[in-house]
Amino acid sequence: MLNIAALSGKIQEAFGALDRHHLNGGQRLAVKYFAVAMILFLAQLLFGLLAAIQFVWPGFLFDLVDFSVNRMVHINAMVVWMLYGFIGSVYWFLEEESGTEIVGLKWGEIAFYVLTGAVVIVVLVYLLIQTGPGNDATRWLVNEGREYIEAPRWADIGIVTVMLVFFYNVAGTFAKGRWSGISGVLTLDLVALAGLYMAGMFYSTNVTVDQYWWWWVIHLWVEATWEVLVGCIMAWSLMKLIGARRRIVQTWLYIEVALMFGSGILGLGHHYFWIGTPDYWFTIGGFFSALEPVPLVAMVVHSIYDAGVHRFRSTNHPALGWIIAHTFGNFLGAGVWGFMHTLPQINLYTHGTQWSASHGHLSFFGAYATINIAFFYLAAQRWRGNVWMGGDLKDNGWKWKWSMILLNLGVMGMTVALLIAGYEQSFIERAVEGSTWGGYFAAQNQPWFVQAMLWRLVFGVVTLAGALLLTWDLLTIGAGETRLALVLEPEEELAAEPTVAVAK
Ligand code: HEM
Ligand code: HEM
Ligand SMILES: [Fe+2]
């Protein structure tokens with residue numbers, strides 16, 4: 001017989017209690033954003049897997065949810081969950097960083113529900129309606145047809161409104177409380193980030209013009225404004241996690257921001273090689289985008305140096321682990337994998353092959369998924385009552401360590417599989433067959449390509465396993481923990497022994 005009392009006792013023991021009183025106003029809102037982000041992350045992986053299965057068995061779910069739909073949901077879910085994570089992270093530290101309460105928390109709450117409602121409707125329309133006739137009604141109600149930001153026009157307007165509320169809360173709260181280097185950079189960056197979204201809303205029947213503006217959102221987001229945003233988030237979290245000095249993280253932040261904008265803005269040109277824009281973009285795009293890895297190296301040096309100075313002692317090991325994974329992932333995925341195909345002489349052969357998908361996976365995961373996961377751990381810790389999350393966790397930390405291993409192994413495995421497919425395509429389709437229609441199909445049927453698609457599927461399953469373990473860990477880590485978090489004061493940087501307090 002099933003013993004209900006014992007079972008519920010076990011569940012209680014595993015999941016413990018979460019108490020919102022441990023959180024300030026902004027943090028209560030942040031955890032809502034984090035929860036939706038995590039759900040969308042899992043949805044992203046699910047639809048990625050469906051699309052990957054279709055590469056191997058093209059008839060799978062044909063006419064029900066086609067590849068184009070799965071792919072669209074996969075990458076839109078990604079962009080949206082990352083935005084949720086970023087908004088949540090900023091709300092997370094807004095009150096502490098400004099030293100005051102958020103000016104329009106109620107509006108922030110309303111915006112959260114409006115945004116989430118809109119996301120649910122958009123996904124349902126993607127899945128159930130899927131396509132419409134090529135007219136304005138489709139653009140307004142079904143799908144705008146711009147990769148990554150396909151949301152229909154009504155949702156765009158909703159998103160802009162929600163971003164305005166968010167911006168008001170950020171700028172207004174800092175203005176009421178106090179400003180810092182981090183908050184100044186962050187606020188200016190949010191103006192740029194939200195402003196660029198508008199560039200994706202121009203409408204033109206000329207594909208060159210349309211793509212020209214669309215890249216302002218996509219490239220200038222991920223290679224400029226999002227990078228600066230994660231720079232701010234990393235600076236703040238290094239202070240919290242290892243007690244890094246504000247003066248030091250801010251100096252790094254300024255250097256990184258200057259380099260990032262310096263190379264990232266004109267680096268935009270690497271998307272203008274083949275879309276019908278003037279020839280000078282070859283030189284501009286090739287040169288400036290080749291410099292883009294430089295700030296990413298700076299970020300690795302910055303985080304490792306700071307963590308090293310503090311002997312890798314941290315208030316939250318999983319979060320620090322993911323911050324370090326972020327700096328390496330950003331450097332490898334964006335810097336190295338981006339650099340590989342950014343010169344026009346090389347891009348001529350690699351453009352639009354699986355090479356791009358290889359880079360797309362490692363960069364988005366390495367630069368942005370990782371740092372969001374770090375914040376999920378910070379949230380879990382505080383929500384439990386700021387409990388111990390150092391080395392010797394109750395379960396020895398096997399869940400966070402294994403989920404981290406599986407996720408990184410899975411994404412790295414997919415990345416390598418796609419890179420092999422990309423090499424093969426560049427070689428057979430482009431170099432040997434001269435970019436012909438027949439060349440395209442010859443490349444798609446080569447064993448190296450076919451096998452790579454299978455391996456991508458295998459490593460996709462590994463990635464999903466990692467994400468499921470991560471979800472389990474986030475729900476249970478710190479449950480029943482009685483030790484309080486390590487206390488690290490910024491000024492006692494190299495103080496002899498960490499202090500461990502025990503909760504009553
Ligand atoms: C975290 C930052 C970055 C992210 C998230 C990212 C993501 C992506 C994605 C998803 C694509 C494919 C776009 C499409 O669907 O057409 C792409 C294309 C590209 N990226 Fe990045 N990227 C980043 C940074 C970089 C950097 C730093 C470089 C250069 C050093 C770079 C070079 C390129 C190039 C050349 C392409 C065009 C590929 C083609 O011709 O098909 N990226 N990037
Ligand atoms: C279960 C794991 C995953 C699987 C099976 C998977 C599968 C796929 C597939 C089949 C595509 C379409 C590729 C094409 O059009 O040729 C795709 C695109 C993409 N995926 Fe994933 N994916 C997974 C996880 C991820 C993760 C974790 C990220 C980043 C955080 C990501 C980011 C992307 C991006 C940016 C694209 C567009 C690439 C481009 O346009 O070049 N995916 N994925
Ligand atoms: Fe780019």
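Here are a few friendly notes on the two domains of this predicted model and on one helix in it.

1. Let's start with the layout. The domain assignment splits the protein chain into domain 1, covering 25-177, and domain 2, which is made up of 180-397 + 477-504. Between the C-alpha centres of the two domains the distance is 19 Å.

2. Next, the contact between them. Domain 1 contributes 27 residues to it and domain 2 contributes 25 residues. On the domain 1 side, the elements giving two or more residues are helix 2 (25-56), helix 3 (67-98) and helix 6 (153-176). Helix 3 gives the most to that side, with eleven residues.

3. It is worth looking at the make-up of that side too. Where domain 1 touches domain 2, its residues divide into 19 nonpolar, five polar and three charged.

4. Now for helix 4, which spans residues 105-128 and has 24 residues. From its first C-alpha to its last, helix 4 reaches 35 Å, close to the 34 Å expected at 1.5 Å a residue.

5. Which residues of helix 4 are buried? They are Gly 108, Ala 111, Phe 112, Leu 115, Ala 118, Val 119, Val 122 and Tyr 126. These buried residues pack against helix 2, helix 3 and helix 6, the helices named above for giving two or more residues to the side of domain 1 that touches domain 2.

6. A last detail for when you have the backbone on screen: Gln 130 follows helix 4, and its phi is positive, near 65°.

Note on methods:
Residues numbered from 1 in each chain as written. Chains lettered and ligands numbered in written order. Predicted model: local features only at pLDDT ≥ 70, side-chain atom pairs only at ≥ 80, totals over all residues. Domains from an automatic or database assignment. Contact = placed C-beta atoms within 7 Å. Helix = DSSP H or I, 4+ residues; strand = E, 2+ residues; numbered from the N terminus. Nonpolar A, V, L, I, M, F, W, Y, C, P; charged D, E, K, R; others polar. Expected span 1.5 Å × (residues − 1). Buried ≥ 20, exposed ≤ 12 C-beta atoms within 10 Å, placed from the backbone.
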